[in-house]
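Here is a briefing on the structure shown below. It is grouped by topic for quick reading.

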Amino acid sequence: MEIYYLVDYFLFTFFANLGVIQMSIAKNSSLRFNLGLIIIVLSYFWFFSSKDRNIPTIVEGAQLFVVFGGAAFFAILAAKIFAFSIKKK
Amino acid sequence: MNWLSLDKNLFLFINGFAGNTPLLDFLVQLVVNEYFVPVTLTLVIVYIWFGRGKLNKGSRQVLPIAALSVGLVNLLIAFSNQFIIRTRPFDELVTNMLFYKPTDPSFPSNAAAVGFALAVSILLVNRKLGVYSLALAAFYGVSRVYVGVHFPSDVIVGVLIGIISVLFVSNFKRSIRLLTSKIEDFQSRLNLEF
């Protein structure tokens, strides 16, 4: 049960971080900014509408912090790969 | 009227709105959990970190300030919980519950402390984003009373702990600058700069 919660949380924070990074590095590209915004909105919508998030879990704040850090790291990697593949084209 | 009864009366006033306005209930239930506000405010910090060119110089210091402040907040609350064990409002009063019943001590509010530590950290480096963050953190704090899991005084003391932690941590300017450059070095060594 808890592991599913952490997986959900990882996916949510991964995509939300990816969206924020796209918005942040957008410079003059409104397409990239809007893409980032859409990714964030969809990640929030999915996370908060797929399950009731107001129920007790044994997941600690420290675990959430570590999962957020990991998700942010992988989001940076994904954004880097995304930026590299766009440049190559 | 002593402050404890004032606190309880204020709790009953705020919690009395719960269950009466579906839209407000929905908004509160969206933000009141452990995920919405902490994640949103941390994403603002990520945005500031990567948006270096557009934002003020030195704004990247928000990351170590926020991380250390939240760490300090957790230490202070863990310490406080060893000595002050206040029961939750739903254990003492007839409460409109819109949230699950936490089992840890009510005082002080960990959620309010973390929310304000993150928001004040953001305010230190960016006024506009900081004001929005403070508004969100304040709504988070009030929502904990609204759903019946905290007394107003728990939230007020939580807010104070959050603010004082940030002000304390941000005093160590040299260490913060050093930590920021260490994180930047680590990031560039991994070739993860944009």
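**A:Phe15 and the nonpolar patch**

At 37% relative accessibility, A:Phe15 counts as partly exposed. The residue sits in helix 1 of chain A. The model is predicted.

- A:Phe15 belongs to a nonpolar surface patch with A:Ile3, A:Tyr4, A:Val7, A:Leu11 and A:Trp46.
- Together these residues offer about 580 Å² of accessible area.
- Helix 1 of chain A, residues 2-24, supplies the largest share of the patch, with five residues.
- A:Phe15 is eligible for the patch because its relative accessibility is 37%, and patch members need over 30% and no salt bridge.

**Chain A overall**

- Chain A has three helices and zero strands.
- From the N terminus on, the order of elements is α-α-α.
- The C-alpha atoms of chain A fill a box of roughly 45 × 20 × 15 Å along the principal axes.
- Chain A has 89 residues, and 42% of them count as buried.
- The exposed area of chain A is about 5,400 Å², with 75% of it supplied by carbon and sulfur atoms.
- Take the contacts in chain A between residues at least 6 apart in sequence: 80% of them join residues at least 24 apart.

**Salt bridges in chain A**

- Over all chains, the structure holds seven salt bridges.
- One of them pairs the side chains of A:Asp8 and A:Lys51, at 2.7 Å from N to O.
- This pair links distant parts of the chain, 43 residues apart. A:Asp8 lies in helix 1 of chain A, while A:Lys51 lies in the loop between helix 2 (30-50) and helix 3 (61-88).
- The two partners fall into separate burial classes: A:Asp8 is buried, because its relative accessible area of 9% is under the 20% limit, whereas A:Lys51 is partly exposed at 38%.

**Salt bridges in chain B**

- The side chains of B:Arg86 and B:Asp7 meet in a salt bridge, 2.9 Å from N to O.
- That pair also links distant parts of its chain, 79 residues apart. B:Arg86 is in the loop between helix 4 and helix 5 (89-92), and B:Asp7 is in helix 1 (residues 3-15) of chain B.
- Both B:Arg86 and B:Asp7 are buried.
- Another salt bridge joins B:Glu184 and B:Arg60, with the closest N and O atoms 3.2 Å apart.
- B:Glu184 lies in helix 9 (residues 173-189) of chain B and B:Arg60 in the loop between helix 3 and helix 4, so the bridge ties together parts 124 residues apart in sequence.
- Both B:Glu184 and B:Arg60 are buried.
- Back in chain A, salt bridges with shared partners join A:Asp8, A:Lys51 and A:Arg53 into one network.

**Helix 3 of chain B**

- Helix 3 of chain B covers residues 36-50, 15 residues in number.
- From first to last C-alpha, helix 3 reaches 21 Å, close to the 21 Å expected at 1.5 Å a residue.
- This helix is mostly covered, with 13 of its 15 residues buried.

**Annotated span and B:Asn74**

- An unreviewed UniProt entry places the feature "domain: Phosphatidic acid phosphatase type 2/haloperoxidase" at residues 63-170 of chain B.
- The end C-alpha atoms of that span lie 11 Å apart. The span is 74% helix and 0% strand.
- B:Asn74 is in helix 4 (residues 62-83) of chain B.
- At 35% relative accessibility, B:Asn74 counts as partly exposed.
- Beyond residues up to four places away in sequence, B:Asn74 touches B:Asn110 and B:Val114.
- The C-alpha atoms of B:Asn74 and B:Pro152 are separated by 20 Å, and the two residues are 78 apart along the chain.

How values were computed. Residues numbered from 1 in each chain as written. Chains lettered and ligands numbered in written order. Predicted model: local features only at pLDDT ≥ 70, side-chain atom pairs only at ≥ 80, totals over all residues. Heavy atoms only, no water. Patch = residues over 30% accessible without salt bridge, like charges linked within 9 Å, V, L, I, M, F, W, Y side chains within 5 Å. Areas by Shrake-Rupley, 256 points an atom, 1.4 Å probe, with all protein chains shown as cover. Salt bridge = Lys/Arg side-chain N within 4 Å of Asp/Glu carboxyl O. Helix = DSSP H or I, 4+ residues; strand = E, 2+ residues; numbered from the N terminus. Buried < 20%, exposed > 50% of the residue type's maximum accessible area, 1.4 Å probe, protein only. UniProt positions renumbered as here; feature names shortened; annotations may be inferred. Expected span 1.5 Å × (residues − 1). Contact = heavy atoms within 4.5 Å.
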